[in-house]
Every structure is written in structure tokens, then in C-alpha cells.
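Work through the following exercises with the coordinates open beside you. Each task is followed by a solution that proceeds step by step.

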Amino acid sequence: MRLLGLDYGTKTVGVAVSDLLGITAQPVETITRKSPNKLRQTLARIEALCKEYEIETIVLGYPKNMNNTEGTRAQETVSFKEMVEKRTGLAVELWDERLTTMESERVLMAGGVRRENRKQVIDQMAAALILQSYMNAKG
């Protein structure tokens with residue numbers, strides 16, 4: 001059973017995938033779009049990745065505010081979730097993503113990744129952390 005992790009942003013979507021046993025998450029890629037509202041190619045790429053990796057469930061980072069309230073980004077994420085479900089036919093689970101971008105930055109810095117290179121991989125690292133957190137919680 002493989003899982004796909006997504007970190008949905010205004011211009012990018014970080015993507016991670018689990019190993020076959022559902023124990024570890026690995027960053028895969030960052031999908032970039034030219035306009036925040038142009039999602040057709042993004043959804044097509046997610047669908048292709050789901051087929052390529054034989055994904056059963058998608059875990060989507062849910063951006064709650066630090067005080068546990070839901071803002072505009074959370075509402076946009078719910079809309080994106082519905083689009084992904086419709087496109088792929090798979091269940092999409094929302095997972096609290098608070099602090100994952102900061103954690104990703106810390107992990108990349110500790111790994112010696114140069115600042116100019118971090119921007120290219122930070123979203124997929126955040127997706128991997130979201131997915132890993134989900135898998136750890138689910139046991």
C-alpha cells in the first residue's frame with residue numbers, strides 16, 4: 001500500500017511518496033504552475049504519479065493557523081482536495097501541516113543544502129514530513 005503526500009501552495013505542490021511498506025516517506029518532486037488558478041496540469045501530474053506509484057490514499061497537508069482556526073488557505077486546500085479526489089478517484093485525507101515548512105528548512109540546513117538550492121526542494125521535503133507524520137500517527 002503506497003501513500004502520496006502533497007504540500008499544496010499558491011504556486012507549487014510538493015510531492016512525496018511512501019515506500020511499499022508504508023514506513024518511510026521520500027520526496028519526489030515539486031510541481032510548479034504559472035498561475036495560482038491554473039490547476040489542470042497540476043491535477044494531471046498528480047493523477048499520473050498516482051498511477052505510476054500505484055497509490056491507494058493521498059495525504060494532503062492542511063494549513064491550520066497556529067491557534068487551530070481555519071483561514072483562507074485552509075478553505076482553498078479543501079477545494080483542492082475535492083478536485084484531486086474527483087480527478088484521481090482516490091480518497092484524500094487532510095493532515096495538519098503546521099510548522100512543516102520550518103521543519104523542512106531546518107532539515108535541509110542540517111543536511112548542508114545551500115540556500116539557493118533549498119527553494120527547489122523545500123516543498124517536496126514538506127510533503128515528505130507531512131506524509132511521515134501521518135504514517136507515524138497511523139502506526
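The exercises below go from the overall fold to single residues.

The structure is a predicted model, in which local features need pLDDT of at least 70 and side-chain atom pairs count only at pLDDT 80 or more, while totals for chains, interfaces and linings use all residues. Residues are numbered from 1 along each chain as its sequence is written, and side-chain values use heavy atoms, with hydrogens and water left out.

**Exercise 1. Overall fold**

Determine the order of the secondary-structure elements and how the radius of gyration compares with the globule rule.

Start with the inventory, which holds 4 helices and 5 strands, where helices (H or I, at least four residues) and strands (E, at least two) are DSSP runs numbered from the N terminus. Read from the N terminus, these elements follow the order β-β-β-α-β-α-β-α-α. Next, take the radius of gyration over C-alpha atoms and set it against the globule rule, 2.2 Å times the number of residues to the power 0.38. The value is 14 Å, close to the 14 Å that the rule gives for 139 residues, so the protein is as compact as a globular protein of that length. Along the principal axes, the C-alpha atoms occupy a box of roughly 40 × 35 × 30 Å.

**Exercise 2. Burial and contacts**

State what share of the residues is buried, and what share of the contacts between residues at least 6 apart in sequence joins residues at least 24 apart.

First apply the burial classes, in which buried means under 20% relative accessible area, exposed over 50%, and partly exposed in between (1.4 Å probe, protein chains only); on this basis 43% of the 139 residues are buried. Then count contacts, meaning heavy atoms within 4.5 Å: of those between residues at least 6 apart in sequence, 61% join residues at least 24 apart.

**Exercise 3. The surroundings of Thr88**

Find which backbone atoms lie beside the polar side-chain atoms of Thr88.

Locate Thr88 in helix 2, which spans residues 72-88. A polar atom of its side chain lies 2.8 Å from the backbone oxygen of Val84, and a polar atom of that side chain is also found 3.1 Å from the backbone nitrogen of Leu90. Finally, once neighbours within four places in sequence are set aside, the contacts of Thr88 are Ile46, Glu47, Cys50 and Ile58.

**Exercise 4. Positive phi outside glycine**

For Glu54 and Asn68, give the phi angle, the location and the exposure class.

Begin with Glu54, which is not a glycine and yet has a positive phi of about 55°. Glu54 sits in the loop between helix 1 (40-52) and strand 4 (55-62), and its relative accessible area of 64% makes it exposed. Continue with Asn68, whose phi, likewise positive, is near 75°. Asn68 belongs to the loop between strand 4 and helix 2 and, at a relative accessible area of 43%, is partly exposed.

**Exercise 5. Separation in sequence and in space**

Compile the sequence and C-alpha separations for Met83 with Val121 and for Gly22 with Glu52.

Met83, in helix 2, is 38 residues from Val121 in sequence and 24 Å from it in space, C-alpha to C-alpha. Met83 is partly exposed at 31% relative accessibility and, beyond neighbours within four places, contacts Leu39 and Leu43. Gly22, in the loop between strand 2 (12-18) and strand 3 (25-32), is 30 residues from Glu52, with a C-alpha separation of 16 Å. Gly22 is partly exposed, with a relative accessible area of 25%, and it touches Met1 and Met135 when residues up to four places away are not counted.

Conventions: Polar contact = N/O pair within 3.5 Å; in protein donor to acceptor, adjacent residues only side chain to side chain.
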